[in-house]
Amino acid sequence: MPQQNSSAATAISPADGPVAVTGASGYIGSWIVHDLMEQGYEVRACVRDVSKPEKVDHLLALNDEGLRGHTTLAVGDIFEAGSYDEAFAGCSAVMHAGAAVGYNRETPQEVYDGCFTEVRHVLNSARKSNALKRFIFTSSFAAVGHPRPEGYVFTEKDWCGDNIEGYGGRWTEDNIPKNRDLAYAMAKAAAERMLYEAADEDGAFAAMSILPLHVIGPLMCANHDQGWSWQNCIRYMLMGKSYKKSRGGRMLWNNVDVRDVARAHRLCAESTVAQNGSRYILSAADRSGELFTWQMQARLKELFPGIAEIGGEEMADDAPAQKTYDSPRSYCLLAVEELGLTTYPIDDTLKATGDSYYRLGLL
């Protein structure tokens, strides 16, 4: 088996050449492009269709913001083998943020294929780049979480396939076409393992993963307001509507700023500590970023005093009508320690989320 290059040798900088970002028009992908440009990188922003202004205009506009780097649009489709070959040519790193997450009415099987099966297409194109040093995969906390008692703190050592008995027999490949959440989690975990193994066998590059939890923060364009996304749920709360994504409107929000998620991708590619197989949870930095829905509602009222009514969960005498299951608890401690990540305070993130909705005319 070829020897994996040392972490120091495979760490990248702007001098090593372009960085490609798949899913660049998406919420996380767009901020990855922005962060890379801030640091002076030449970015190839990969999208499926460059002719859709609602998806690409905000990316092209970044070239006029005085950022040190530059971005060029490139075409690629995760469902089409070889479609990224040209976009990835000569790239020192590929950041694969593109995925079918189910917000666009994909079937569970399409979600699985978009998050695992078709990742091989992206990897195969990336390996054709003679300059490739890092492959950074946008995984998900879904690849970590599994049934555990209330208050359990998840870390990067956890995998969604742990504690199979806790899933009541549902955690099988036969159930992939039946359940979007299961399909998504299994796909992300399978893709991670596949990438680490491929990189280990290749020896010329290292593969690493970023695993975001509840991603919120400013939107760059109206297209980032995807239905049932976490940021979209906040929008509806600011419109006075009840939170409905979770059963009973109750949830423990474990929040991370989309800008922190983006920055972690770059720091991972530049790190001399991270190595093949490194994975980093991007969640709350501390307990302040973990808010039950009723606490989120109260915080939004403080941050947006001009809004007459902000929605949330059912309350009774200024207290939650029912108890919320205390999970998931998790913190981005490893990203802070190994990558040197600094994070936005939760109030800054919530304010920026709402302010961006006003700026885009969606509130």
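Biologist: Where is serine 283 found, and between which strands?

Modeller: In this predicted model, serine 283 sits in the loop that joins β10 (279–282) to β11 (290–292), where strands are DSSP runs of E of at least two residues, helices are runs of H or I of at least four, and both are numbered from the N terminus. Residues are numbered from 1 along each chain as its sequence is written, and side-chain values use heavy atoms, with hydrogens and water left out. Because the model is predicted, local features need pLDDT of at least 70 and side-chain atom pairs count only at pLDDT 80 or more, whereas totals for chains, interfaces and linings use all residues.

Biologist: Why is serine 283 called buried?

Modeller: Its relative accessible area is 2%, and buried means under 20%, with exposed over 50% and partly exposed in between (1.4 Å probe, protein chains only), so serine 283 counts as buried.

Biologist: What makes the approach of the serine 283 side chain to tyrosine 331 a polar contact?

Modeller: The side chain reaches the backbone nitrogen of tyrosine 331 at 3.2 Å, and a polar contact is a pair of N or O atoms within 3.5 Å, one able to donate a hydrogen and the other to accept it, while residues adjacent in sequence count only if both atoms are side-chain atoms. A polar atom of the same serine 283 side chain also lies 3.5 Å from the backbone nitrogen of cysteine 332. Leaving aside residues up to four places away in sequence, serine 283 touches Leu213, Asn254, Asn255, Val256, Ser330, Tyr331 and Cys332, with contact meaning heavy atoms within 4.5 Å.

Biologist: How do you know how α6 and α7 are oriented to each other?

Modeller: Helix α6 (residues 119–127) and helix α7 (residues 180–202) pack at about 25°, with their axes 11 Å apart, the axes being lines fitted to C-alpha atoms over the stretch in contact and the angles running from 0 to 180 degrees between N-to-C directions. That makes α6 roughly parallel to α7, because angles under 35 degrees count as roughly parallel, over 145 as roughly antiparallel, 65 to 115 as roughly perpendicular and the rest as oblique. Val119, Arg120, Leu123 and Arg127 of α6 meet Ala191, Met194, Leu195, Ala198 and Asp202 of α7, and by class this contact has six nonpolar, no polar and three charged residues.

Biologist: What makes α8 largely enclosed by the rest of the structure?

Modeller: Eight of the nine residues of helix α8 (residues 230–238) are buried, so the helix is largely enclosed. Those buried residues are Trp230, Gln231, Asn232, Cys233, Ile234, Arg235, Met237 and Leu238, and they pack against α2 (27–38), β8 (214–216), β9 (252–257), α10 (293–303) and α12 (346–359).

Biologist: Why are α8 and α10 called oblique?

Modeller: Their axes are 11 Å apart and meet at about 60°, a value that falls in none of the other three ranges, and α8 and α10 are therefore oblique to each other. The contact is made by Ile234, Met237 and Leu238 of α8 with Thr293, Met296, Gln297 and Leu300 of α10.

Biologist: Are asparagine 163 and aspartate 317 buried or exposed?

Modeller: Asparagine 163, in the loop between β6 (153–154) and α7, has a relative accessible area of 18% and is therefore buried. Aspartate 317, in the loop between β12 (315–316) and β13, reaches 79% and so counts as exposed. Neither is a glycine, yet phi is positive in asparagine 163, at about 60°, and in aspartate 317, at about 55°.

Terms used: Ala, Val, Leu, Ile, Met, Phe, Trp, Tyr, Cys and Pro count as nonpolar, Asp, Glu, Lys and Arg as charged, and the others, Gly among them, as polar.
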